[in-house]
Every structure is written in structure tokens, then in C-alpha cells.
Amino acid sequence: MNYRQLFSIVAISAASLSAKAQTEIVVSFNSELFGNATKSVTNPSPVTAGGVTITFLRGNSTMPVKFDYATQELWMYGGSGAAALNGNEMSFKSSTGAIGRIQFIAGSASNMNPPAWTADSGEISFPDSQQPNNPEWTGDAEEVKFTCSRHASNPNTGTSIHWKEVRITIGSNSAIEEVMADDTTAPTEYFNLQGIRIDATDMPAGIYIRRRGSEVKKVYVR
């Protein structure tokens with residue numbers, strides 16, 4: 001292996017990582033998103049941002065999905081019966097790649113009674129203990145649907161969730177985790193600047209190239 005070949009490894013690694021890079025799309029629910037609305041909008045039309053189309057459905061709820069002009073938030077409601085999955089729905093469909101993460105930021109006076117927010121794939125968690133109404137979905141899907149429901153054990157408890165914004169990450173989390181795992185388990189190799197492999201136990205002071213999996217770095221040994 002020569003020096004030019006080592007730089008080729010760097011270039012290939014960078015290209016591989018960039019192909020797996022994630023892109024975040026932040027969608028704020030405000031008047032501009034809904035056509036500069038000057039009043040509240042019920043059953044809002046689908047909106048598209050960054051190649052992701054968000055669709056809203058009423059579902060089995062006495063209340064429709066609503067963009068509230070006064071609070072500049074999207075209001076969603078649980079269903080009218082005792083079933084767990086029977087309220088307003090919100091679907092995300094990406095045209096630019098798989099969705100890896102969706103973070104939901106709640107607004108004013110949200111009343112989320114677990115499990116009041118469910119998805120048809122992936123997993124939902126609540127990583128921020130200081131903000132218990134801010135769920136996070138993780139998965140690997142080009143389309144995912146969420147449903148706002150009532151409390152599973154108490155159908156008389158209503159659910160009203162006021163979303164301020166959503167943060168959508170395009171790019172599979174598992175793909176990036178695989179690259180990281182490969183780097184941590186791969187053996188470490190050292191080369192001098194002429195591309196000759198060097199024994200790590202016998203390295204005089206100088207500059208070397210260190211390779212571990214897809215990671216290639218220049219290091220200085222004193």
C-alpha cells in the first residue's frame with residue numbers, strides 16, 4: 001500500500017459516511033405553514049417541507065385536527081370510544097429517504113395520557129424527563145402514521161395534544177450505528193508516510209497513518 005492508496009481510503013470513507021449522513025427537517029406549526037392563516041383551521045390540508053409530506057386525519061374523534069391561530073399550534077384529540085387507537089391521525093411520508101427519527105415538541109396545555117400517542121411502526125420513547133409530553137419516535141420507514149388516543153385504562157379521560165413543532169431526521173439510525181460498531185471492533189493498523197505497515201510496538205518518533213475500520217487519521221508519535 002502506498003501513500004496515494006491511503007488517501008484513497010480516506011476519500012472512500014468520507015464518501016461512505018456522507019452517504020449515510022442524516023438530515024434534520026424542522027417543521028413549525030404556524031400561520032405561514034397553513035397559508036398565512038388569519039384564523040384557526042380545522043381539518044388542515046397536507047403540508048410538505050424538505051421532501052416530507054405531513055397529512056392530517058380526523059379519525060374516530062368528536063374533534064377534528066385543528067391549527068389554532070391564537071396559540072400557533074397544531075391541536076390533536078383522542079377518540080370518542082374506549083379503544084386505544086381511535087383518535088386524530090398524523091402521517092409522515094418522505095420522498096428523499098427513510099425517516100430515522102421524529103421528535104415532537106408539545107406546546108401549551110397538552111394533556112397526554114399514556115399511551116395516548118402511538119405509531120404503526122418503530123418505537124416511541126420519552127427521553128426528556130423534564131418535558132414528559134415530548135415523545136420521540138425512532139425507526140426506519142419512508143412512511144409512518146401516528147394516532148392520538150384516549151387513556152387505555154380510562155376512556156373517559158380526554159387527550160388533547162398541542163404540537164408546537166416536529167423535528168424529522170432523514171437517514172437510518174441503524175446504518176450509522178453499524179459504521180460506528182465496525183470502527184470500534186476493527187483492528188488498528190499503522191503505516192509510515194511511504195505506505196509501509198509499521199509494527200505498533202516499534203514506532204520511532206514521527207508522523208504515521210492510523211487506520212481503524214473506515215477511520216483513517218494522521219497521528220504523531222513522540
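Is Gly195 buried or exposed? In this predicted model, Gly195 comes out as buried, with a relative accessibility of 4%. The residue sits in the loop that runs between strand 14 (188-191) and strand 15 (197-198). Its C-alpha atom is 8.2 Å from that of Ile209, a residue 14 places away along the chain.

The strands on either side of that loop also bring in some charged side chains. Arg197 pairs with Glu189 in a salt bridge, and their closest N and O atoms are 2.8 Å apart. The two partners sit in rather unlike surroundings: Arg197 is exposed at 56% relative accessibility, whereas Glu189 is buried at 19%, since the cut-off for buried is under 20%. Arg211 joins in too, so to speak, as Glu189, Arg197 and Arg211 form a linked network of salt bridges.

Overall, the structure has six salt bridges. Another of them joins the side chains of Arg101 and Glu136, at 3.4 Å from N to O. Because Arg101 belongs to strand 8 and Glu136 to strand 11, this pair ties together parts that are 35 residues apart in sequence. Arg101 is partly exposed, at 22% relative accessible area, while Glu136 is buried at 16%. Lys66 and Asp68 make a salt bridge as well, again with an N to O distance of 3.4 Å, and here Asp68 is buried, with just 6% relative accessibility.

Now for the nonpolar side of things. In soluble globular proteins, nonpolar side chains tend to be buried together. Here, the largest nonpolar core takes in 32 residues, and Ile54, Met90, Phe92, Ile102, Trp117, Trp163 and Ile168 have the most contacts inside it. Several strands supply at least two residues each, among them strand 1 (23-28), strand 4 (52-57), strand 7 (89-94) and strand 12 (143-148). Strand 13 gives the largest share, with five residues. Leaving aside residues up to four places away in sequence, Ile102 touches Phe92, Pro135, Glu136, Trp137, Val144, Phe146, Val166, Arg167 and Ile168. Glu136, the salt-bridge partner of Arg101, is thus also one of the residues that Ile102 touches.

Finally, there is Ser110, found in the loop between strand 8 (99-106) and strand 9 (117-119). Ser110 is buried, at 15% relative accessible area. A polar atom of its side chain lies 2.9 Å from the backbone nitrogen of His162. With residues up to four places away in sequence left out, the contacts of Ser110 are Asn133, Ser160, Ile161 and His162.

Notes:
Residues are numbered from 1 along each chain as its sequence is written. This is a predicted model: local features need pLDDT of at least 70, side-chain atom pairs count only at pLDDT 80 or more; totals for chains, interfaces and linings use all residues. Side-chain values use heavy atoms; hydrogens and water are left out. Helices (H or I, at least four residues) and strands (E, at least two) are DSSP runs, numbered from the N terminus. Buried means under 20% relative accessible area, exposed over 50%, partly exposed in between (1.4 Å probe, protein chains only). A polar contact is a pair of N or O atoms within 3.5 Å; within protein, one must be able to donate a hydrogen and the other to accept it, and residues adjacent in sequence count only if both atoms are side-chain atoms. Contact means heavy atoms within 4.5 Å. A nonpolar core is a set of buried Ala, Val, Leu, Ile, Met, Phe, Trp, Tyr and Cys residues joined through side-chain atoms within 4.5 Å. A salt bridge is a side-chain nitrogen of Lys or Arg within 4 Å of a carboxyl oxygen of Asp or Glu.
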